[in-house]
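These exercises go through a structure step by step. Read each task, try it on the structure shown, then compare with the solution.

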Amino acid sequence: MVTTNTTAQSARTNNGARPTPVQYAHIVGWGMAVPETVMTNDDLSAIVETSDEWIRTRTGIRERRIASDHESTATLGLKAAQHALEVADVLPAEVELVICATSTPEHIFPSAASLIQAWLGANNAGAFDLSAACSGFVYGVNIAAQAIRSGSIRTALVVGSETMSRVLDWSDRSTCILFGDGAGAVVLKASDVDGGVLSAVLRSDGTGGDLLGIPTVGSLDIEGVTEISNGHKFGKMHMNGGEVFKFATRVIGDSLTQAAQQAGITLADIKLIVPHQANARILHAAARNLKISDALFMSNVERYGNTSSASIPIALCEAVQQGRIQPNDYIAFVGFGGGLTWAAMVVQWGSPQVTAGTSNFINRQRRQLSYRLAAWRRTLLRASRSIGSSFARLRPEHGRMDRLKHKAEQHPFE
Ligand code: COA
């Protein structure tokens, strides 16, 4: 378990157990991007035996977005990141860390985070993908916040991005109806102002790994198979819905209560909970367990389905747009999913100096220039590498290397 805490004003009490951070980590920018293509429940009923009525009543989902052939986890993540930088009025060169929480990267490596870093022109940043399924965004925000609070960096970008449509088994009606594609992102920045990320509870129970998963290239006996030994399809999601449902309703309440305690507040102080958007019934059951109103949970699962690590930042963006979060409000994130993993976090919202839409005109032009330069840089570097390797082939020692290689192939043990 990883925890953070701060000394604090207002409702929070200082338990004296944890040191005051070097600087506070505030969320100062947020953005989202979803594909244009909408798939309704009726569309789904043409693919598998299901109905709009069944899906709506069991899950609360009416429609989801599906990525086109030109969209990927990294391209959706890039768009969300650009929006978040705009709101934060932060230049790509200021970003020192890019984390992309995802279960559907284009490659094992390079990471989606590295692609996003390069496309932004965030040339002073480290970048990596984070695999914690639907809890990944909260894990990522905590890592970024810890790096800021320790004083080692000042600015971080955390993206949650998924193309779940590419890992769904479209013949399995118990899973393919639940998920959708999309991306969300936040920018975190150091500040002397007390607040920002106050606490985080990160948990895992790998004994439940078989309840929800996607076997991939590292699986055993993989060559040429479409099914791995336990009957799960290679590269496709499998799930035990009933068990996951019970797990989710239990951990939401437990982890939120712990995160509130660690932040020195109570659940009654929290203005809005932005949960992972898996299923309206899960949120209803969690609210009942916690004896809080359903309205305290932000919900947009109806329009996007479960977008895994992207669902919390997408819901956060819409909550801000709807005016449901005001400066100094305590808000909470809670995620849960494959691993099994779960995570909850309390944030005191609002770096006071930042409000959406105040982005500086000159900086906006500089960001656009950074994106263009990043594209040219990529093209130039690739061209120069390919010219470099063509020249290398013409060098005499290259011919010698070829001869040696040929000899080694003929006499492998010499
Ligand atoms: N359309 C129509 N019928 C369906 C169906 C679908 N899409 N999916 C399953 N069914 C059927 C089942 O075959 C079963 O039929 P049977 O009674 O003839 O055997 C019946 O509906 C009930 O299935 P069951 O699995 O018990 O339904 P449920 O009420 O538990 O709902 C889920 C299934 C998947 C919606 C629910 O378990 C769930 O939401 N779990 C959590 C999943 C989740 O959120 N995962 C991601 C976490 S990050």
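**Exercise 1. Find polar contacts between side chains and the ligand.**

Solution. Begin with W54: one of its polar side-chain atoms is 3.4 Å from a nitrogen atom of the ligand. This fits the definition of a polar contact, a pair of N or O atoms within 3.5 Å; within protein, one must be able to donate a hydrogen and the other to accept it, and residues adjacent in sequence count only if both atoms are side-chain atoms. Next take R173, where a side-chain N or O atom lies 3.0 Å from an oxygen atom of the ligand. Last, a polar side-chain atom of N279 is 2.6 Å from an oxygen atom of the ligand.

The model is predicted: local features need pLDDT of at least 70, side-chain atom pairs count only at pLDDT 80 or more, and totals for chains, interfaces and linings use all residues. Residues are numbered from 1 along each chain as its sequence is written, and side-chain values use heavy atoms, with hydrogens and water left out.

**Exercise 2. Describe the shell around the ligand.**

Solution. Step one is the residues: 22 surround the ligand, and T50, R58, R173, G241 and N279 come nearest. A residue is near if one of its heavy atoms lies within 4 Å of the molecule or strand in question.

Step two is their kind: nine are nonpolar, nine polar and four charged. Here Ala, Val, Leu, Ile, Met, Phe, Trp, Tyr, Cys and Pro count as nonpolar, Asp, Glu, Lys and Arg as charged, and the others, Gly among them, as polar.

Step three is the elements: α7 gives the most to this shell, four residues. Helices (H or I, at least four residues) and strands (E, at least two) are DSSP runs, numbered from the N terminus.

**Exercise 3. Place N279 in the structure: is N279 buried or exposed?**

Solution. N279 is in the loop between β11 and α8. Because its relative accessible area is 9%, N279 is buried; buried means under 20%, exposed over 50% and partly exposed in between (1.4 Å probe, protein chains only). Besides its ligand contact, a polar atom of the N279 side chain lies 3.2 Å from the backbone oxygen of R58. With neighbours within four places in sequence left aside, N279 is in contact (heavy atoms within 4.5 Å) with R58, T59, F245 and V301.

**Exercise 4. Locate the largest nonpolar core.**

Solution. A nonpolar core is a set of buried Ala, Val, Leu, Ile, Met, Phe, Trp, Tyr and Cys residues joined through side-chain atoms within 4.5 Å. The largest one has 49 residues, of which I252, L256, I270, I273, F297, F336 and V346 touch the most other members. Among the elements that each supply at least two residues are β8 (196-204), β11 (270-275) and β13 (341-348). The largest share, nine residues, comes from α7. Take I252 as an example: beyond neighbours within four places in sequence, I252 is in contact with I282, L283, A286, F297, V334 and F336. Another core, apart from this one, has 45 residues, including Y139, F333, A343 and W349.

**Exercise 5. Place R372, then describe the chain.**

Solution. R372 belongs to helix α11 (residues 361-394). R372 counts as partly exposed because its relative accessibility is 46%. Its C-alpha atom is 8.7 Å from that of L120, although 252 residues separate the two along the chain. The protein chain has twelve helices and 13 strands, and 52% of its 414 residues are buried.
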